[in-house]
Amino acid sequence: MAISDGDAEGLARLFHGIVEQSVAGIYLIQDGVLSYVNATYAELFGTVPERLVGRPLAEVAPLEQRESLLAQYDRRISGSDPHSRFQIRTKVRGSERIIEIHGSRVEYDGRPAVVGMGVDVTIREQATERLRALNEVVETIQDRERQRIAMELHDDLGGTLPAIKFDLSRLARIASADERGTELAGLAADTVALVQQAIDATRRISNDLSPTGLIHLGLAEALRELGRAHEARYGVPVTVRIGEVPDALDDTMTRDLFRMTQELLTNVARHAAATRVRVQLDRDGQQLRLRVSDDGRGLPDEPGEGFGLFGIAERARRNGGTFETSPAPGGGLLAEGRVSWPGE
């Protein structure tokens with residue numbers, strides 16, 4: 001159906017009224033200049049539209065974010081970055097405000113432009129920061145408790161169980177020397193085997209809580225031992241490849257890289273139904289890159305399965321890095337964590 005000039009003008013007024021009353025901030029940037037903003041968008045930055053419209057983006061962008069904001073605008077105009085979001089941090093009436101900017105490339109008056117909206121996400125981001133801080137405290141407490149429990153297991157059960165095994169072995173030898181002690185000797189031997197299982201379990205649990213290899217042999221050997229333990233426990237072959245890694249990493253980074261790998265291998269065991277796993281740690285530019293891939297069934301769909309991944313992402317973030325997952329080549333899951341390169 002054709003739209004008359006009068007109808008078009010009416011529709012234009014209608015949409016203009018909707019945009020002006022929108023609770024979301026609306027903007028239009030063309031030729032690097034703010035061509036239009038509604039009152040809500042201007043209020044997000046503590047001003048009025050008249051002070052923004054007609055000004056170059058480079059002029060109104062916060063100084064510390066100007067370069068990255070202009071680069072994103074260029075990517076949007078070129079069509080190479082159609083979906084990402086950008087956060088602007090600014091101060092409005094003395095309080096920090098975080099504005100999340102969404103935008104899309106459009107054709108306007110025969111030329112490319114970016115139209116989008118801004119949303120105040122200050123409360124959300126502050127809550128996220130508090131959650132991150134809380135998670136870091138929890139992880140620190142967990143690590144301390146793991147070390148304490150591991151030491152108690154080592155000092156108490158680590159000494160008691162071998163002593164029990166030794167005494168039972170003596171009892172078995174004495175009983176076997178007596179013709180009437182055959183049954184007792186068999187019972188003692190069976191008990192020795194059970195005690196040995198308890199010793200092995202104690203060592204395994206203690207090492208899971210606070211790996212001795214991480215302390216005495218360094219990260220590379222600790223990861224290799226982690227792979228061997230996973231393979232022995234679950235029967236799934238694990239290949240560990242260690243590339244260029246500094247000999248002496250920061251204690252926090254060493255622990256975090258180990259725990260990231262441990263959690264990823266645990267996820268593989270719980271959810272992936274994989275037949276092989278590959279762990280790789282190496283240098284990639286100015287970062288250390290940890291990659292754990294498998295040939296299983298990918299990420300689980302069940303709700304609540306993502307908290308472990310959240311913890312991994314936080315460990316990467318606090319070491320100046322990132323974490324993401326993607327389908328592995330040939331099927332399965334590829335998890336990649338990056339931290340800042342500490343070698344230079």
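**An aromatic cluster and a five-stranded sheet**

Good morning. Tyr27, Tyr41 and Phe45 form one aromatic cluster. Please bear in mind that the model before you is predicted.

Let us begin with the rings. There are 2 aromatic pairs. In one of them, the ring centres of Tyr27 and Tyr41 lie 5.4 Å apart with the planes at 45°, and the pair is therefore tilted, since planes under 30 degrees apart would count as stacked and those over 60 as edge-to-face. Tyr27 belongs to strand β1 (residues 25–30) and Tyr41 to helix α2 (residues 39–44), so this pair ties together parts that are 14 residues apart in sequence. Tyr41 also pairs with Phe45: here the centres are 5.3 Å apart and the planes stand at 50°, so this pair is tilted as well.

Are these residues buried or exposed? Tyr27 and Tyr41 are both buried; for Tyr41 the relative accessible area is 7%. Phe45, with a relative accessible area of 22%, is partly exposed.

I turn now to the sheet. Strands of a sheet pair through backbone hydrogen bonds, either parallel or antiparallel. In this model, 5 strands form an open sheet with antiparallel pairing, in the order β2-β1-β5-β4-β3. At its edges are β2 (33–37) and β3 (86–92), each of which pairs on one side only. On average, neighbouring strands are turned by 35° against each other, direction ignored. Strand β3 is joined to β4 (residues 95–108) by 7 bridges, and Phe86 has Ile101 in β4 as its bridge partner.

Finally, the surface. Leu131, Leu134 and Val138 make a nonpolar patch of about 250 Å². Leu131 is located in helix α5 (residues 122–177) and is partly exposed, at 44% relative accessible area. Thank you.

Note on methods: Residues numbered from 1 in each chain as written. Predicted model: local features only at pLDDT ≥ 70, side-chain atom pairs only at ≥ 80, totals over all residues. Heavy atoms only, no water. Patch = residues over 30% accessible without salt bridge, like charges linked within 9 Å, V, L, I, M, F, W, Y side chains within 5 Å. Areas by Shrake-Rupley, 256 points an atom, 1.4 Å probe, with all protein chains shown as cover. Salt bridge = Lys/Arg side-chain N within 4 Å of Asp/Glu carboxyl O. Helix = DSSP H or I, 4+ residues; strand = E, 2+ residues; numbered from the N terminus. Buried < 20%, exposed > 50% of the residue type's maximum accessible area, 1.4 Å probe, protein only. Pairing = 2+ DSSP bridges. Axes fitted to C-alpha atoms, helices over the stretch in contact; angles between N-to-C directions. Phe/Tyr/Trp six-rings, centres within 6.5 Å; stacked < 30°, edge-to-face > 60°.
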